[in-house]
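Let us walk through this structure together, beginning at the ligand and then stepping back to the protein as a whole.

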Amino acid sequence: MKKLPTILNCVALVVAGVGGATTAEAGPANDHANVLWYDQPAAKWEEALPVGNGRIAAMIFGGANLERLQLNEGTLWAGGPYNPVNPEAKAALPQIRQLINEAKYGEAARLISAKVMARPLGQMPYQTVGDLVLNFTGSTNITDYRRDLDLDTATATVSYTSDGIRYTREIFASAPDNVIVVRLAADKPGSISFTAGLKTPMTATVETDGNDTLVMRGKGGDAGGVKGELKFQARVKVMTKGGKIAAESAGLSVNNADEVMLLITAATSYKKFDDVSGDPESIVQRQLAAAERKSFDELHAAHLADYQALFRRVAIDLGRSDAMKLPTDVRIQHFAEGNDPPLAALYYQFSRYLLISSSRPGGQPAALQGLWNNSKNPPWGGKYTININTEMNYWPAESGNLAECVEPLVGMVNDLTITGARTAREMYGARGWVVHHNTDLWRASAPIDGPNWGMWPSGGAWLCLQLWDRYAFSGDEADLKRIYPVLQGASEFFLDTLQEEPKHKWLVTNPSLSPENGHPFGAAVCAGPTMDMQILRDLFTNTIQAAETLGVDEDFRRQLAAARARLAPDQIGAAGQLQEWLEDWDLQAKDIHHRHVSHLYGLYPGRDITLRGTPELAAAAKKSLEIRGDRATGWATAWRICLWTHLGDGDHAFEILKFLLSPERTYPNMFDAHPPFQIDGNFGGAAGIAEMLVQSRVGEIELLPALPKAWTSGSVKGLRARGAFEVDIAWRDGALVEATLRSLKGGSTRLRYGSVTREVKLAKGETYHWGGK
Ligand code: FUC
């Protein structure tokens, strides 16, 4: 083994620009509906293109002379197993509750700060592996440059001509083989020469192994006094056809090869939130040994079979536009002009691509940046913020026919029932489990950051809604059996901790807050914010229904029904708005345009409020939305889109989508700009697009509930709906032309289009046609 110098704190790499040309022969046509493409390399990370297989990922910069692949592994986080519960919390809670009941909110917040907040006050960040850098010296006279990401094949391609030779790079992240594969090709033999090196800002060493492999060994960082306990390893094997390969002091060098394949793997010692005993070296060795026995074509075929089985379940067509011939970044610049509906279709499919690439069974759930992060300490630690962001990541999953991609979230919630039970016991003296507004790889569940952000006990309860939707969409009793103990534990926690509110004797959460909005009395902490009550109505209703269906826990069901009846109701305030808090404070709130629209959870994704079922509350929710305004951070803009679709106003939703899909909220690579990059906006935006076309609740599926006028004709195939159905629809001139409903399990539902409804009962596998030929 040759020892290379350790490279720490690498400086930003400058990617060589290329001159001139905008066309290319290789790769898909420019106007292909499912392709993101560019006529120059990425100059910034937010221009690079993401690939991932749910475990490992890369951002591809595509410089002709200098290729940079920024690498991630989903379990490379700082810290190690830790218990952040503040041992003084339990004793302090009665006084805090009393202070809140006496409206002494500032004092309550101070006491929470002193006695209740987690130790440490923050959680552990998600970290980068580093960069694989390929230096192609001597590429000159570059023309016909193009880079693209084909969502249908989950393959990125970079191609250009240099001195008359056409070069092509293809890159994909394979889930079945757990490697990132790079193929370098040229149309003239002996033309490929480059050096390959690994760099990282992490504490790590880089070595060569033999004359064809790069190895990086490192460790996860320390954070907030929690020692970094993870080991990681990245391994890159370079396989050449023709030419020479050698190990040198700066890495590997390849000279005059005909074709080259690189296999990239990475792993850490993480096994579980309380077990870091894995051996990354043996994992990556095993993966590489298996992958290197296969050819590029075999690896690619296995990747396509695996990926397309998920991706191709849904097809969306919003028509064609002249803009489709333009590079994707240019289309984003012009989307707000309103004449490029297919860019919304691309945005929708890009989100499905991102979910398939970042959230696969056996891996971690998509975090704040999915799987992609170039830093040791990304914004907000790149972790799981569960007062909106993590839930939003999964909003498009079930309707987008990607149930498998929800499995990592189910896994995380299962872990949280264990760590959250400790927090429930030690912090509250309660049964069940609780998580506050954030969690991390270690499933930390105590309140963090400060009283006005962290003192919110409903994060776990909200995650339960996503689990419930696993069952609502699949209709599979096995799913219900799996999630019932989770729902039961979440409900138990609230049965034990709900407090009687002095004025109306309602049952409320206390202490809590309406994420993360300050009320007029110098704090956010309060009792019984509307969102908590809505979340708990959903949680208790789902838990009761699950227990009924499974025929268990009759007495527990009765307790839940009794508690549900005493929760504070949705209330309408003096301005006609839905009240965010128990009292009518909305117009005096710290920020009446606040990005969070927490009390509108009941309209979407929750179930308290529907246009037809509770028209007065729907009107109040609309008023609240109008007061809040349309423009906010990325995810908050996406939430507003979803909400307007549930008010049946597709045109208003589309106006907001124009803002979301503009350069202020969408980077050139189509990543959402909070700013900075947060992936929730991509997923929330996709959910909004799906909710324009089909909405479902148990017992009813509504077709085109909020179709924007601008999308005159189009079709969508393969969307999933609650009750275990698949839906295809086509529309022309703004009106439904035909719809097909397929039952996956057998069952009945009401199909609705406007005011027309039809009751449909189908056997398993049977289809029902509405209109058409
Ligand atoms: C919540 C939001 C912020 C940001 C952060 C990650 O705290 O209020 O806007 O998205 O999570």
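How many Å separate an oxygen atom of the ligand from an N or O atom in the side chain of Asn389? The distance is 3.0 Å, within the 3.5 Å allowed between N or O atoms in a polar contact. The model is a predicted one, in which local features need pLDDT of at least 70 and side-chain atom pairs count only at pLDDT 80 or more, whereas totals for chains, interfaces and linings use all residues. Residues are numbered from 1 along each chain as its sequence is written, and side-chain values use heavy atoms, with hydrogens and water left out.

Gln678 likewise places a side-chain N or O atom 3.0 Å from an oxygen atom of the ligand, and for His596 the distance from a polar side-chain atom to a ligand oxygen is 2.6 Å. On its own the ligand has 290 Å² of accessible area (Shrake-Rupley method, 1.4 Å probe), of which the protein covers 96%. The residues around the ligand, each with a heavy atom within 4 Å of it, include Leu368, Trp380, Glu516 and Arg595; the shell divides into three nonpolar, five polar and two charged residues.

Turning to the whole protein, DSSP runs give 17 helices (H or I, at least four residues) and 32 strands (E, at least two). The radius of gyration, taken over C-alpha atoms, is 26 Å, which agrees with the value near 28 Å for a compact globule of 773 residues. Of these 773 residues, 64% count as buried, meaning under 20% relative accessible area.

Definitions and conventions
A polar contact is a pair of N or O atoms within 3.5 Å; within protein, one must be able to donate a hydrogen and the other to accept it, and residues adjacent in sequence count only if both atoms are side-chain atoms. Ala, Val, Leu, Ile, Met, Phe, Trp, Tyr, Cys and Pro count as nonpolar, Asp, Glu, Lys and Arg as charged, and the others, Gly among them, as polar. The radius of gyration is taken over C-alpha atoms; the globule rule is 2.2 Å times the number of residues to the power 0.38. Buried means under 20% relative accessible area, exposed over 50%, partly exposed in between (1.4 Å probe, protein chains only).
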